[in-house]
Amino acid sequence: MKNFRIILASNSPRRKELLAGLDIPFEVKVIQGIDESYPESLPAYETALYIAVKKAEAYRPLLDSAINQQESSDDIRNHELLILTADTVVIAPSSEEQNDQEGKGIILGKPKDAADAIRMLEMLSGKTHHVVTGVCITSQEKQRQFSVITEVTFKKLSKNEIDYYVEHYKPFDKAGAYGIQEWIGYIGCTSLKGSYFNVMGLPVQRIYEELKKF
């Protein structure tokens, strides 16, 4: 596979940890204040990719600037510079559904506070939901876009279990108010179909395959 130098456009420690596992050089750069809104008419399963592409456009000037600054260096001649943007959403079933029907689910973002986190976990309790990560890999000349979907089922969580998790783990920076790699995943996840790492926030196996196509 060709050598890459990647700019990871995310401040997430989980994405940093996962990308490091591919043994590909990268650096983290974060632009604050990017608009992550999306049209209300957009189907739920297209939202993550829409935001990932939006982030990529915001970072493109950074890509151009980095290349211009190093255009004469051996590093830039021997490594293709890429920007990696991603967004993850949790899609919960409606109150009438046991398993959300693709395109009809309810998008859960990051909780605003403890009460919001509890509300989200109550929506996921005893049901099957989907985690969608949209990924955009951008170079100066081309771009690859894709989404990865993982199906996750939780047992019926008790009020004490939900309260304990929110109080001790404070999952306010996580879509759907949970981290699969944390206590709630240990005791609550009864089934997972697809990429485990996708639920953590970055489908690294698919990213590796897409990088090979570059």
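Leu84 makes contact with Ile6, Ile7, Leu8, Ala9, Leu19, Val135, Cys136, Ile137 and Ile207, when residues up to four places away in sequence are not counted. This is a predicted model, and the briefing below covers its nonpolar core, its aromatic pairs, its largest pocket and two residues with positive phi. Leu84 also ranks, with Ile6, Ile137, Tyr178, Ile207 and Leu211, among the residues that touch the most other members of the largest nonpolar core.

**Leu84 and the nonpolar core**

- Leu84 is located in strand β3.
- The relative accessible area of Leu84 is 4%, so this residue counts as buried, the limit being under 20%.
- Between Leu84 and Gly134 the separation is 50 residues in sequence, while their C-alpha atoms are 11 Å apart in space.
- The largest nonpolar core comprises 40 residues.
- Strand β3 contributes five residues to this core, which is the largest share.
- Among the contacts of Leu84, both Ile6 and Ile137 also belong to the group touching the most other core members.

**Aromatic pairs**

- The model contains four aromatic pairs, among them the two described here.
- The ring centres of Phe154 and Tyr178 are 5.0 Å apart and their planes meet at 70°; because an angle over 60 degrees counts as edge-to-face, the pair is assigned to that class.
- This pair joins distant parts of the chain, with Phe154 in strand β6 (residues 143-154) and Tyr178 in the loop between α5 (159-169) and α6 (183-188), 24 residues apart.
- Both Phe154 and Tyr178 are buried.
- Tyr178 is, in addition, one of the residues that touch the most other members of the largest nonpolar core.
- A stacked pair is formed by Tyr165 and Tyr169, with 5.3 Å from centre to centre and 25° between the planes.
- Tyr165 and Tyr169 are both in helix α5 and are four residues apart, about one turn of the helix.
- The two members of the stacked pair are classed separately by accessibility: Tyr165, at 0% relative accessibility, is buried, whereas Tyr169, with a relative accessible area of 32%, is partly exposed.

**The largest pocket**

- The volume of the largest pocket is about 790 Å³.
- Its lining consists of 35 residues, and those nearest the centre of the pocket are Arg15, Glu36, Lys55, Asp87 and Lys110.
- At least two lining residues come from each of α1 (13-20), α2 (47-69), β3 (80-92) and α7 (196-200).
- Strand β3 therefore has a part in two features, since it supplies at least two residues of this lining and five residues of the largest nonpolar core, as a strand defined by its DSSP run.
- Sorted by class, the lining includes 16 nonpolar, 11 polar and eight charged residues.

**Positive phi in the loop between α5 and α6**

- Lys170 is not a glycine, yet has a positive phi of about 45°.
- Lys170 is placed in the loop between α5 and α6.
- Ala177 likewise is not a glycine and has a positive phi, of about 65°.
- The loop between α5 and α6 also holds Ala177, as well as Tyr178 of the edge-to-face pair.
- Ala177 has 0% relative accessibility and therefore counts as buried.

Note on methods: Residues numbered from 1 in each chain as written. Predicted model: local features only at pLDDT ≥ 70, side-chain atom pairs only at ≥ 80, totals over all residues. Heavy atoms only, no water. Phe/Tyr/Trp six-rings, centres within 6.5 Å; stacked < 30°, edge-to-face > 60°. Buried < 20%, exposed > 50% of the residue type's maximum accessible area, 1.4 Å probe, protein only. 1 Å grid on protein atoms, 1.4 Å probe; cavity = no way out; pocket = protein on both sides within 12 Å on 5 of 7 lines; lining within 4 Å. Points joined across faces, edges and corners; volume = space filled by probe spheres on them. Nonpolar A, V, L, I, M, F, W, Y, C, P; charged D, E, K, R; others polar. Core = buried A, V, L, I, M, F, W, Y, C linked by side-chain atoms within 4.5 Å. Contact = heavy atoms within 4.5 Å.
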